[in-house]
Amino acid sequence: MSLTLDFLLPPPPASYKADQPYVVHNKLSATTDRLIEPVGRHFLAHARRKTHNRTFSEDERHQAEEKANQVVEEEKVDFEFEDVDINTVNQDPTQWKSQDNYAILGLTQLRYKATEEQIKKAHRRMVLLHHPDKKADKNDDAFFKCIAKAYDTLMNPVTRRQYDSVDFGMAYLEEDVPTAKTKGDFYELWRPVFEREARFSNKQPVPSIGDANSSREEVEGFYDFFYNFDSWRTFEWLDKEGAEGSDNRDDKRYQEKKNRAQRAQLKKEDNARLRKLVDTCLGMDPRIAIFKAEEKKRRNAKKNARAEAEKAAAEAAAKKAEEERIAAEKAAAEAKAASAEAKKAKEKAKKNIRKEKKNMRTILQENNYALPAGAAPATPQEVDAQLIKLDDIFAKHTTLEALVALRESFEKAVAENKLNEVFVAAL
């Protein structure tokens, strides 16, 4: 008997001789104390017996009863079986690509939501009902093959994903999309539509359509998600096979190229379909109208605030201009009044000067034109000479105050009979 090792032994030491029955490669390591934790099914069985104080036979009997009860529980159906009318489903195993696998197994209500356990139970039931051994013609196994193909397709994660990508039985749901004329609650109408679409999303979790109380951020996030929807649908299930029996490599490549082009076209059409669906929902969403009204109100508020600010600024500018105009007019009026007053004062001063000059001429006239005391009455020549001298005196005393002082000095001189001296001194 020969034994093949899947690893290489280390080379023998240099002291090894061919006639030795064995060779020591290394010494045993020193002993080490380690803490060992009991685990495993045998320890659990031991712990279970100790906990419940059972003997080996009692524990085996108890475990057998639990296993039997578990089998009974597994046999319980957690969903309602559907009666399958074989006349309404595919019975030709050669047409397996177009058959409704969920309908054949009686899972039309669950479809893509069906679990593996539910698929197994439905398959077991259909096998029991339609096994060829229960038919008169033992060779009539066509529908049984359809059942087997449906089971194989749905139990394989890859083929089930491909089939769910184009589930023919969901076609009627694609038509069950609300329109603007559909009556009913918006959220109740559209929620199941997007829940069906959500199963195709690569990104999970998928946001919900929400309700009337959803915030603007939540609503915009929902529509952004579906407008940029990342779908895993590949439409491989609809690929066409090459010519039957053909092993030509070029034919296969050509068919694969056509299949890829068809998948891309179907993907494009599906994206357009979803975009149209989202557009329809967006146009019917009552929250969008509320958000637009609020946005318009905010824009109008800003516009009104800006208009009010501009109006206030214009009013302030107009008020300032009016105040400046009034101030200018007031200043002009005051200047005019001051000018008039000054003119009036000037005229009055001129009048008083004339009056003072007249009074001093009168004093000279009444006092012999300020000739020396005892002199004969003034002759016309003397009068003219004295008046010329008086004009010279007036030329030296130009202000009213000076003339008043001069007049007073003349009056005092008259009283003291010294007018001639004062008159001469004033020259």
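Buried means under 20% relative accessible area, exposed means over 50%, and partly exposed is what lies in between (1.4 Å probe, protein chains only). The model here is predicted, so local features need pLDDT of at least 70 and side-chain atom pairs count only at pLDDT 80 or more, while totals for chains, interfaces and linings use all residues. Residues are numbered from 1 along each chain as its sequence is written, and side-chain values use heavy atoms, with hydrogens and water left out.

**Exercise 1. Describe how H9 packs on H11.**

Step 1: Pin down the elements. Helices are DSSP runs (H or I, at least four residues) numbered from the N terminus; H9 spans residues 216-227 and H11 residues 286-366.

Step 2: Get the geometry. Axes are lines fitted to C-alpha atoms over the stretch in contact, with angles from 0 to 180 degrees between N-to-C directions. The two axes come within 11 Å and cross at roughly 125°.

Step 3: Name the arrangement. H9 is therefore oblique to H11; under 35 degrees would be roughly parallel, over 145 roughly antiparallel, 65 to 115 roughly perpendicular, and the rest is oblique. The crossing of H9 and H11 is left-handed (the near helix is turned anticlockwise from the far one by less than a right angle).

Step 4: List who touches whom, with contact meaning heavy atoms within 4.5 Å. H9 brings Arg216, Val219 and Tyr223, and H11 answers with Arg287, Ile288, Phe291, Glu295 and Arg298.

**Exercise 2. Classify two aromatic pairs and check their burial.**

Step 1: Set the rule. Rings of Phe, Tyr and Trp (its six-membered ring) pair if their centres lie within 6.5 Å; planes under 30 degrees apart are stacked, over 60 edge-to-face, and the rest tilted. The whole structure holds 15 such pairs.

Step 2: Take Phe186 and Trp190. This pair is tilted, at 6.5 Å centre to centre and 40° between the planes. Both sit in helix H8 (residues 186-198), four residues apart, or about one turn of the helix. Phe186 counts as buried because its relative accessibility is 9%, and Trp190 is buried too, at 0%.

Step 3: Now Phe225 and Phe226. Their pair is edge-to-face, with 5.5 Å between centres and 75° between planes. Both are buried.

Step 4: Zoom out. Ring pairs link a cluster that includes Phe186, Trp190, Phe225 and Phe226.

**Exercise 3. Place Arg275 relative to Phe226.**

Step 1: Locate Arg275: helix H10 (residues 249-284).

Step 2: Check exposure. Arg275 is partly exposed because its relative accessibility is 39%.

Step 3: Compare chain and space. Arg275 and Phe226 are 49 residues apart along the chain, yet their C-alpha atoms are separated by 7.8 Å.

Definitions and conventions. Helix = DSSP H or I, 4+ residues; strand = E, 2+ residues; numbered from the N terminus.
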